[in-house]
Amino acid sequence: MFDLQSDYTPQGDQQQAIDKLMKSLNAGNRHQALWGVTGSGKTFTMANLIQGMGKPTLIMSHNKTLAAQLYSEFKNFFPNNAVEYFVSYFDYFQPEAYIPRTDTFIEKDSAINEEIERMRLSTMGSLISRKDVIVIASVSCIYGLGSPEDYANMMLPLKVGDEMSRDQFLEELVNLLFERNDIEFGRGKFRVRGDVVEIRPANLEETAIRVEFFGDEIDRISEIDSFTGKKRGEMDKYLFLPAKQFVTDPQKMKKAIVTIRQEMKKRVAEFESQGKLIEAQRIRMRTEYDIEMMQEMGFCQGIENYSRHVTGRAPGARPYTLLDFFPDDYLLLADESHATIPQVGGMYEGDKSRKSTLVEHGFRLPSALDNRPLRFEEYMQMTQQRVYVSATPGPFELTNCRPDNKKYIPWVKGEMSANMAIRLLKEKVKPSESIQPLDEFDVDSRGSTLIVEQIIRPTGLLDPILTMKPLKGQIDATIELCKDRVEKNERVLVTTLTKKTAEQLSEYLLGVGLKVRYIHSDIDAIERVEILRQLRAAEFDILVGINLLREGLDLPEVSLVCILDADNEGFLRNETSLVQTAGRAARHEKGECVLFCDKITDSIRELLDITEYRRARQIEYNEKHGITPKSVIRAIQKSLSSDEGMKNTAQQVNQSMVAESEEAFNTMEVLAELELDMREAAGKLEFERAGHLRDQISALKEKAGLAEKATPAKVKKKKVDYRNL
C-alpha cells in the first residue's frame, strides 16, 4: 500500500533494526523502541517500517518545527501516498482564563494560520476516504475534534447526471459550513453565477470546483484554478468535505441546543441558591448568545466547549480526537519519545485547572470540562502498536518495552528484571567485558517486546571521544582546546548553565582573540537560525549556549563540544541532556566531548558507559566491513538575504535593509514580490525563511512610510538589527 521512493538502501545496522521491529510488530506487541544514535538514519528506518507494515501511520513529534521537518522528509519518501501534517493551527493563541484574585477575565484571542487549517482538514478527509495515509502530528492530535461519524455523514458526494436543483445544492453547501461570497473567493467559500456554482474546498490549495446545472440536473463538474478561473479538466464525480473541523447533523444540533439550555437553567439555579447572582447572570447571558448563534449560523465562537452536547456524549466521556479518525489497526511512531510521551502525559491537568476556574465563576458551563485533551490512560487505550524512537529513551519506554518484566540493558550482559536493571544502573554498573551481540537478543517464542538498537552510522562515524578535565581552570582549558580546533578550521560548541554565564564567557573569549557568538532563548528565533548558518560558514568559530545545543541541530563542522560544570546534576546535566549534547560532535570524524567535572555523577557514569559500549560496537563493525569513518558533508544553507527569491531585489535591498533612494525600484512591486516569496515559503513549511521575509517586508514598509501605526492592543516586538546578520 505504501510506495517508498529512495535512492539508497538500508545501511549499517538499519536492516537488522527494521527486521527486528517488523518481527515484534507482526507478533502483535504493543511496545517496542528504536534506540538509535544521532546520525544513524532513524527516519529512513521509520519509513521502511511503514512500507513493511502497510498500515495507516501516525507519527507524533513534540514540537511543530521537528514535525515540519519530518513532514518534508516523508513527503519525499512517499510521493504517491497521502502524507499529511496535523499541528495546532494557531499562529498565536491565548486561551480564555479568569484570575479570581484580581477579578481579571482574559478573553480568548487567537490568530489562525489558514494554510495549517487547510492541512488539518486535508488530514481528516484523507483518513476518512483512504488507507494509505501517513500523518505527522504534534500533541494537537489528542485535543478535542468533531465526531468522525458526523464528519463522514456530512460529506457530500456529487456525480454528473444526479438530479438536484441548484438551490438544493446551495443548501447542502451551507450545511457543510461553506459561506457564500461572490467577491472574496477564499477557502471554504462559494460563489454563484446563474446556473454555475464555483466552490473552493477548504482542504485544497489553489483548486476550485465548478458545478454547472441544466435545469434540476448536474450537467458538468470541472476543476478550475481558484485565482484565474482557468479550467484544468473535467470529472465525473467529486466528494465535498465539510469546510470546518466541527460539523454536525442539523438534527443533532437541535437536540444539543435543548440539552445546553437545560444545563444552563440548572447551573443558574445552583448559583442563585448560593447567592452568586453575578455568576448566574453571567452564564445565562453568555449561553443564550451562543445558542442564538448556533440556531442562526449553525456555529458559534467556542463551540468546542459544547462538544459533549453536540456529539451526544455522556458526562465525563472522553472527547473525539484525531485518533478516532484512524482505523482500529494503525501504527504509532513516537519521534523523540523521551520528550513526546511526557508532553502527552502533562496536557490534561493543565487544561483542567484553567477551565475549572472558568466554570466556578460562571464563564463556562460544567460541560466545558469535557472539551479537553485525552488523559494519558485514554491515549494508551487508543493507540494499539507503538514504536518509540529516540537516541535517549526515557523511563516510560525502558519500563514498558518488556511487558514480561525483563529488561535488556545493552552494556550489562544478559536479561534481568526491570527493577534489578534500574538498581544496577543507579549503582554505576560498569560495562561488562563481554558485550552481548544484538543478534542473540531477539523476540522470543511468546513475542515479548524489545528495545532495538541502531548504533552503526552509514558513514562509519563513531560516537565522540569523552574526555574529563577538572573544574579548576576550566575556562583556560576551554580556550586552549578552542584555539587548537580553530587552527584546524573546525568548530566548537560550549555549553554553560545560565544565560549570564554564556554572555560573559563569549565576551571573555572575544577578548583573547577568538571569534565567538552566544545563543539562548532571548535571541530571536530567526536570528538563531542565522547564527547557526554563520557558524557552519566559518564566519565565527565558537558558539556558546545553554539548552539550545541539543536535539535537532545538524552541525557537521563541529568537532568539539565542551560541557562546563558537567557534574552539576540537574535538568541541564542529566543523562538525556549529556547524551544529546555530546551527540552534536558525532557528525565529525574527530568528534570529541570534554566534560569539566570534579566528580563522576550518575548521569556522567551513564554517559561514559553508553559511549564505551557504542564505540566498541561501531569500531568492531567498521573493522569487520573495512569502513573508514568520514565526516558528514552537507551543503551550507544560503543566507536568507541571498536567497533565490531575493536576487531580483538584491541591488535595492542591501543586507535586508531598504536602500536610501527609492528611485531605482518600485516599492510596491518589491513588496508584492516579497509577500509572494513569503507565502510560497510558508506553503513549503519553511517557517524560518517565511518569518525572515515577513520581517523584511515590515522593514521595507516602515522605511517607505507604509507601516501600520502602533496601537495599544498590539504587542511591541523586539527589533532585529539585520545589518549584523
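Which loop is the place of histidine 520?

1. Histidine 520 lies in the loop that runs between strand S24 (516-519) and helix H16 (525-536). The coordinates come from a predicted model, and the points below should be read on that footing.

2. The relative accessibility of histidine 520 is 3%, so the residue counts as buried, the cut-off being under 20%. Its side chain makes a polar contact of 2.9 Å with the side chain of glutamate 503.

3. On the chain as a whole: there are 725 residues, of which 52% are buried. Secondary structure comprises 20 helices and 29 strands. The exposed area of the chain is about 34,300 Å², and 49% of that area is supplied by carbon and sulfur atoms.

4. On contact order: among contacts in the chain with a separation of 6 or more, 73% are between residues 24 or more positions apart.

5. On the interior: the largest nonpolar core contains 61 residues. Leu58, Phe169, Phe240 and Tyr379 have the most contacts inside this core. A second core, separate from it, has 37 residues, including Leu4, Ile50, Val389 and Leu450.

6. Phenylalanine 240 deserves its own entry. With neighbours within four places in sequence left aside, phenylalanine 240 contacts Met155, Leu156, Leu158, Phe169, Leu176, Ile199, Ile209 and Val211. One of these partners, Phe169, is also listed with Phe240 among the residues that have the most contacts inside the largest nonpolar core.

Key
Residues are numbered from 1 along each chain as its sequence is written. This is a predicted model: local features need pLDDT of at least 70, side-chain atom pairs count only at pLDDT 80 or more; totals for chains, interfaces and linings use all residues. Side-chain values use heavy atoms; hydrogens and water are left out. A nonpolar core is a set of buried Ala, Val, Leu, Ile, Met, Phe, Trp, Tyr and Cys residues joined through side-chain atoms within 4.5 Å. Buried means under 20% relative accessible area, exposed over 50%, partly exposed in between (1.4 Å probe, protein chains only). Contact means heavy atoms within 4.5 Å. Helices (H or I, at least four residues) and strands (E, at least two) are DSSP runs, numbered from the N terminus. Accessible areas come from the Shrake-Rupley method with a 1.4 Å probe; for residues, only the protein chains shown count as cover. A polar contact is a pair of N or O atoms within 3.5 Å; within protein, one must be able to donate a hydrogen and the other to accept it, and residues adjacent in sequence count only if both atoms are side-chain atoms.
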